[in-house]
Every structure is written in structure tokens, then in C-alpha cells.
Amino acid sequence: MSQADALLEVLIVAIAGSLAAAVLAAAAAMTLRLRHLFHEHRERQLKSVWIPRLLSLVVDDNAIRCDAEVGVFSREIRVLSQTRQRALLELIVRFAFVVRGTARTRLCRLAEPALPAARALLGRRDPAMRALGVHIVGRLGLDRNEKSVLRALDDDAPLVRKTAARALARAGRTDYVEPILETAANLEDWDTSEVVSVLQDIGPAAQPILRRAFSDPERRPAARAICAEALRWLNDLTAAEPATEILLRENDRELLAASLRLLRRVGGAEHAPAVRRLCTSHDPVIRLNAVATLAATSGLPESPDADLIGVALADPSSWVAIRAARGLREIGCSTHLRRVLTVGHPRASLVRDVWPELGTSTTREAA
Amino acid sequence: MSEFPQIVEKAAELKALAARESHWKRRKPIEALLLIVDRGAETREEVAAAMDVSPGTVDRWLARYAESGILAFAEPGAENPEAAPVSSDANSDAEPNLSDVIAQLDAMRALLASAGTDHEPASRDSPTHQLVPVAVHERRQDEKRVILLGEADDLVASIIEARLEKDGSTVQRATDGVQFAAMAEELNADLFLIDTRLSGLDGYQISRWLREEPRFQSRPIVMLGWPGKETDVVDAFAAGADDYILKPFSPVDLGARVGRLLRPARRAA
């Protein structure tokens, strides 16, 4: 066989191989598309049957008729395949998120026969599927599956732990505050505002527990900082005293900053001394929060605190200086600001920049 | 040269009106007109600056008084070059704000008013077609109540629709704030049910606008909102809402609250 023939043979094999690969890829794409269409069709079918039923269940105020309907529908759900049961649960859970009271109770009763399908998801390897399982079980059957959801707080995947915390918080029970706090403090990728929003779901009933945890020196500073943020959003006025104590005794940056933010919301002039000493902290984050809090708590233009805030205008950190400028404006002390503008202060340009956001009257003055 | 010669001519009538009117909301437009008479404000920009409102608001006040027949003005369409039809901005990418929408709606109304009563109805192709104001009339007892719902979420909307239609009302739905404002102009709704977080114009902005419009002032407004800041409820009531319903909500409870606000005795009050 000549070299040209060999080359031709290789070429033919390569073309045939490419064709075969293209045919296989096309077949795979078609199969996937058909599968998708099939699922879409099944979902549409499921929705067309179940959405009117679910609507009728949630809006009806005739309890006897609804109970009878739940009984009939439950029998139907029992004979569905596990996949269909799961799809139906996903639909029911969407309804359960927007309604409360009797309507949600009916949905939970309706979902009961299908819940084993959701529980089966908790053992899956894929974290997204486990999270889905926790989401459904937590919303539609927390009472009977409390242990499974609490166990999910220790799951390896942060997504599952977050979903479990959210599911427990939505139940509004105060005994879930501690386990949620523990999980939150262990999760590095969990944003503080996210945890705070979870704790807010529990509501004002959580305040005493959060306050206790916030004052507990044995607890990790990260968890205490989360408590401070949650108490701030819940406007817990009685948290001002423990926050002041923390300012005097603790050194953790996150905890101090969170306590200062809490005091800014709920503190008064009596808490200002503890704040004052932090205005000269070596940490700019602490200084920034201290200056802002001092402006909020002292509140009088003629108080010595105004001078302290005025000194912060010359802070090496421009963020602290901006906070100081805003603080002076908040307490109605524009004398300092005007002086900065007139005497060629190093922060004059910064004050001029932030001036427009400080208010109309000062804008006119700056002009 | 004053933009408002007719107002100056009607100074005595205007002062008599100011003496009669004690409600602060209705006094404010009158005070604006008095500025023209007493202090010689010559342009709507001057009036707007003195009253600390937008020129669009001044236009609206002028249109309101022109409509009510208390004062007769020159044709606003001719005198007010900024009063463009709604379609002129329809393709704009910028997010509409309340004063723009109000100014557009008022421009439409003013144009219609200036055209007289025997004009041809606007054709479907006309840019004004969508916003032809409907005269507010009281419904008969046996007539279905019309509720205008502003809700972006399909599921929430379908639950609310199902509940209220079960109670015998007709529900019309808008999915954003601008559409809601246009539908409010078009429909003679008996009650407004608005989600606080609508896009375009949020529930608070819409509520404030409805409360400023004399035609809608007696119409109940119910706001729907997710739990958030505690001031949300306060803001809703400050914006003129009659009730505030938190999501997740009880459909039966929602039906009862809406029913209470739709009762004739309540409406008459």
C-alpha cells in the first residue's frame, strides 16, 4: 500500500469518525430536548390539574368542604410516582410561602402523604437536592420532621445548613434561636445580614435569648456580633446597657463595631462616655463607628463631643473623616464644617465633596 | 409676560375660594394660584420654586382647577410646551418617576378638556386612548365591584383574584406601577390593592398620587407588603393607605378586609 493510500485511509476513518460523533451528539441533543419537552408537558399537566385545586383549597372558607377535598386529593397523591409527588410538593410549597393560617394548614395536610418523597431527598449526595428536601420538609412538615431539619444544621454543605436555619426560623419558635446562632457562627461564608434576616423571621420573641447570648463572654465573638446586629434590627432598647459593657471590656474588632452600631440605634447620651474612648482607637473601623455613634448619642452641637467629632475630620482615614462630617451635620454643628472650608484644612476638599449629601442649606453655604 | 392672565383676572373669585377652603391638601393649590395673583409670579417655574414642588405639580393643580370650572384657563396644550403626550416618552429607557407620569396623565386630561365635550372619541391608535379618564360614578348595589390589583407575582395575584372573585368582585391586574397608574385612570375601580414593591412606581408613590387626585380620594387603598422594616406600615398609612396586609397572608382575612372597605356605608363616609 502506497503512502497516499494510507493517508487516504486515515482521512476516510477520520471523516467517518467525525460523522459518527456528530450523529451521536445530535442524537444526544435530541434526546435531551425530548426529555425536556416531556418534563415540561408533565409539569404543565400537573399544574393544569393541581393549581385550580390548590387555589380552591386556599381561598375557600368552608372548612367542611375543604376537609373533604383534602381527603379526596390525598388519596390521589398517594398513588402518584415519587417523581410526580416531588413535583407536586414543589408546587404546594410555593403556595405555602404566600399564604398563612388555615390555608397553609390545609396545604400541609394535603402534602403529608407525599412528604416521604421529600425526606428521601435528605439522603442524596447532591447538596442542592438535600437543600430542596430540607426546604420542602421544613415548610410543609416541620412538626413531624423537626429532627431531620435540626440534623441538617450540621450538614457538610453550607447551602443545606442555611436552608435548614431559614426553615427553622420561619417556624417562629424561640427554641430554635440557639441552634441557628451556633450554625451561623460556624459558617464563614454566611453574611451577617443574611443571618440577621433569618433571626428576624423569628421576630421580637427572640430578643431575650439574643440579648443573653450577646452578653455572654463565654460565647464566640462572631456569634455575639451577629446577636448585636439582630438586636439592632429588632430595635431592642434594653440592649444598650450590655452593649456599653462590651465597649468597656472587649477587644474583638467585629464585636466592638457591631456593639457601636447597635448603640447608634438604641443608645442615648448616658452611653456616650463608653463610645468616646473608642474615637481614638488605633483601628479605623472602630474609630469610624465610634464617631458615627457619638454623633447619634450625644446629639447637641454645643457638647464637647462636637469638638471630638471635629478632631476626627483630620483623621488619616478619609472614611472616618466622612463619618465625622456627616456626624457634625447630624448634630446641627455646621461651624466646624464651615471652619474647615475657610481655613485651608487638609480635609476641605472632602467636606466640599460630601457637602451636597449633607443638606440643602449647607449646599448653599458651600457655594 | 405672565403665563396666567386668566388667573389674574379671576383674583376675586380665587380669594373667595381660598377663604372658604380649610382643608390643607386643597388649600395648597389655591395658595399656588394666589402666588400668581398677589406676588406676581409669571411662570409656572416661579410658582413651583416658591411652593417647593415640581413644575409638573403646578400644571396638575392648574388643570384641576380648569377642570372643576372654578377658573377658566388658556389651552394648556398650547401654553405648556412640556406637556407632551404619553407616547412621546413611551420608548424611553429611563425609569419613569411619579411626577413624569402625573405630568403626562395631566397633559392628556388637559388636552381632552381643551378639546371640548363634543369631540370625537380617541381612536385606538391614538396615544391618548389608554388614558381617557372615566367619570367616577357610584355603582349600583347589584353591580360587581371592580378592584384594581397591582401585583407582580403571578401566584400571589392568582390567589387574590380567586378570593376576591369568589366574593363577587371583578379584579383587574397591573404588573407594574406605571401600568397601574394608567389602568387607574382608565378604570373606575372601587378599591385599589397595591403591592408596596411594584417596579416603575412603587406602592407608596402610587398611593400618594391616588390620594392627591380628587377623583380617587374616597376610594379605599389596601397595601400588600412582605415583612421588612417596621416603618413600612407607618409609611403605607402616611401615603394614604386604608389598610396594610402583610405577606404571607390569609386569603380569607384579605377577603374580609377588602369587603369591609367596600361596604357602601364605609364608602359613603
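## Sheet, interface and core in a predicted two-chain model

In strand E4 of chain B, Ile221(B) is the bridge partner of Phe192(B). This is a predicted model, in which local features need pLDDT of at least 70 and side-chain atom pairs count only at pLDDT 80 or more, while totals for chains, interfaces and linings use all residues. Residues are numbered from 1 along each chain as its sequence is written, and chains are lettered from A in the order in which they are written.

**The sheet of chain B.** Strands (E, at least two residues) and helices (H or I, at least four) are DSSP runs numbered from the N terminus. Five strands of chain B make up an open sheet with parallel pairing, in the order E2-E1-E3-E4-E5; two strands pair if DSSP finds at least two bridges between them. At its edges are E2(B) and E5(B), each pairing on one side only. Ignoring direction, neighbouring strands are turned by 20° against each other on average. E3(B) and E4(B) run parallel and are joined by four bridges.

Two helices lie across this sheet, as tabulated below. Axes are lines fitted to C-alpha atoms, for helices over the stretch in contact, and angles run from 0 to 180 degrees between N-to-C directions.

| Helix | Strands crossed | Angle |
|---|---|---|
| H10(B), residues 203–212 | E1, E3 and E4 of chain B | about 155° to E3(B) |
| H12(B) | E1, E3, E4 and E5 of chain B | about 170° to E5(B) |

**The contact between the chains.** Chain B contributes 14 residues and chain A 13 residues, where contact requires C-beta atoms, placed from the backbone, to lie within 7 Å. On the side of chain B, H8 (154–166) and H12 (251–262) each supply at least two residues. The largest share, seven residues, comes from H8(B).

**The core and helix H18 of chain A.** A nonpolar core is a set of buried Ala, Val, Leu, Ile, Met, Phe, Trp, Tyr and Cys residues joined through C-beta atoms within 7 Å; buried means that 20 or more other C-beta atoms lie within 10 Å of the residue's own. The largest such core has 138 residues, and Val291(A) is among those with the most contacts inside it. Leaving aside neighbours within four places in sequence, Val291(A) is in contact with residues including Val320(A), Arg323(A), Ala324(A) and Gly327(A). These four are among the buried residues of H18(A). The end C-alpha atoms of H18(A) (residues 318–330) are 18 Å apart, which agrees with the expected span because 13 residues at 1.5 Å a residue should span 18 Å; that span is 1.5 Å times one less than the number of residues. Gly332(A), with a positive phi near 75°, follows H18(A).

Terms used:
Two residues are in contact if their C-beta atoms, placed from the backbone, lie within 7 Å. A residue is buried if 20 or more other C-beta atoms lie within 10 Å of its own, exposed if 12 or fewer, and partly exposed in between; C-beta atoms are placed from the backbone.
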